[in-house]
Amino acid sequence: MSGRREAIERAKAHFEELLVEQMDRVERMKAAEDWIDYSMIKTIVIGVVGGDGIGPYISAEAKRVLEQMLKAEVSEGKVEITDVSGLSIEERARAMKAIPDGVLDELKRCHAILKGPLTTPKKGDPWPNLESANVAMRRELDLFANVRPVKVPSQGIDWTFFRENTEGAYILGSRGFNVTDEIAFDFTVTTSQGAERIARLAFEHAKKNGVDRVTAVTKANVIKTSDGKFLELARKVAKDYPEIELDEWFIDIMAAKLVDPKRRTQFRIVVLPNLYGDIITDEAAEFQGGVGTAGSANIGKRYAMFEAIHGSAPRMVEEGRAQYADPSSMMRAAAMLLGHIGFVDKARRLEMALDICGQYERKVVLTGRSDGATGAEFADYVVEALQDPELEARWRSYQ
Ligand code: IPM
Ligand code: MG
């Protein structure tokens, strides 16, 4: 009996610590400064994190494209492109930290980060079971919106997912505990501030792009409290946008309807909690040619990080195929970065070049193996397309 009492007391103490942290976080969200204005910044610093596995290969190609597109701005001192090291799994394991000391300061010196995939250790791996560096970075830099577009124009698919990126099942994902040997507890957290800011961003995006519907996806019929709050806040925000309809779905049927060619084209802008967003965006990217083709923006009021939606593909490295990895996802991420920091025309050009090279013309084709092109050859093709003065006409001919 006393063993049981002790277990409960231990759990209560642990839970109390989590409660204090979450209450402090809510206060910080309330006090958060306003959105950064990139046009006011003298030198915009772009940090490039290579990543693990295929990361350094595909990041190098995306960086090359960025450097090419920002040549003038770099030489005028308006933009600085710099490497941020210290985040490889070996370095994280040595420091026993998701983000080693010093690296976070370096990341905070950047206004925007282009990040290759980083190994996320799990139980049983040769690495210490550290928290995911992605998750830590999203939290530490308060990158609350994970924006993931998926487009397949030939099938009428034009989706933008607004995945809540700092709370839900992820925020305490490494902070659950075993109450006894037999009972494992994890937590999911939704705050009013967290749910409201992601819903508002989704509605603002709808408004800016003339889209008249935002789809909110939860499992609020079962996960009543936290998903219930997420939905409640989406409804509250929707009231400020009378011209935009809020469309409510549960995650299970949403996953099914994405496969239904008649229904899926009706979705445009989707807002959803962290874990559902993680799952659905991998499914969604598959329609576009797989996770290798999808870029992703992690946006906060002060910092922003852009990445591929996929992992580091250790198998490709083990099999000696890293140089054949598709850098499109990282280049899409680079395009989102350019748009986010104010180079909207450059972002569009890169998008067009990627559509032409990866989807329409396909003169250089990647297969992920030696029977296809290397990532570097594909990047050369993209760079060449970017230099074409007729790029836009070439792109239009496929619309
Ligand atoms: C993603 C990834 C990450 C996530 C992993 C690597 C922690 O799957 O960006 O979608 O779950 O968010
Ligand atoms: Mg994922």
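## Ligand 1, helix H1 and the nonpolar cores

Q: What makes the pair formed by ligand 1 and the side chain of Asp278 a polar contact?
A: In this predicted model, an N or O atom in the Asp278 side chain lies 2.8 Å from an oxygen atom of ligand 1. The cut-off for a pair of N or O atoms is 3.5 Å, so this pair qualifies as a polar contact. Arg148 places a polar side-chain atom 2.8 Å from an oxygen atom of ligand 1, and for Arg163 the distance is 2.8 Å.

Q: How much of ligand 1 does the protein bury?
A: The protein buries 80% of the 320 Å² that ligand 1 exposes when taken alone. The residues surrounding ligand 1 include Thr120, Ser132, Asn134, Arg138 and Tyr170.

Q: How do you know that the span of helix H1 agrees with its number of residues?
A: Helix H1 runs over residues 2-31, and at 1.5 Å a residue its 30 residues should span 44 Å. The end C-alpha atoms are 44 Å apart, so the two values agree.

Q: Why are Ala7 and Leu18 of H1 called buried?
A: A residue is called buried because its relative accessible area is under 20%. Ala7 and Leu18 are among the H1 residues in this class, together with Gln22 and Met29. Strand S6 (177-180) and helix H7 (192-208) are among the elements that cover the buried residues of H1.

Q: What makes Leu350 stand out in the largest nonpolar core?
A: Leu350 is one of the residues with the most contacts inside this core of 77 residues, along with Leu114, Phe306 and Val382. Helix H13 (residues 328-340) supplies the largest share of the core, eight residues. The residues that Leu350 touches include Val65, Met69, Met331 and Leu386.

Notes: Residues are numbered from 1 along each chain as its sequence is written. Chains are lettered from A and ligands numbered from 1 in the order in which they are written. This is a predicted model: local features need pLDDT of at least 70, side-chain atom pairs count only at pLDDT 80 or more; totals for chains, interfaces and linings use all residues. Side-chain values use heavy atoms; hydrogens and water are left out. Helices (H or I, at least four residues) and strands (E, at least two) are DSSP runs, numbered from the N terminus. The expected span of a helix is 1.5 Å times one less than its number of residues. Buried means under 20% relative accessible area, exposed over 50%, partly exposed in between (1.4 Å probe, protein chains only). Contact means heavy atoms within 4.5 Å. A nonpolar core is a set of buried Ala, Val, Leu, Ile, Met, Phe, Trp, Tyr and Cys residues joined through side-chain atoms within 4.5 Å. A residue is near a molecule or strand if one of its heavy atoms lies within 4 Å of it. A polar contact is a pair of N or O atoms within 3.5 Å; within protein, one must be able to donate a hydrogen and the other to accept it, and residues adjacent in sequence count only if both atoms are side-chain atoms. Accessible areas come from the Shrake-Rupley method with a 1.4 Å probe; for residues, only the protein chains shown count as cover. Lists of a residue's contacts leave out its neighbours within four places in sequence.
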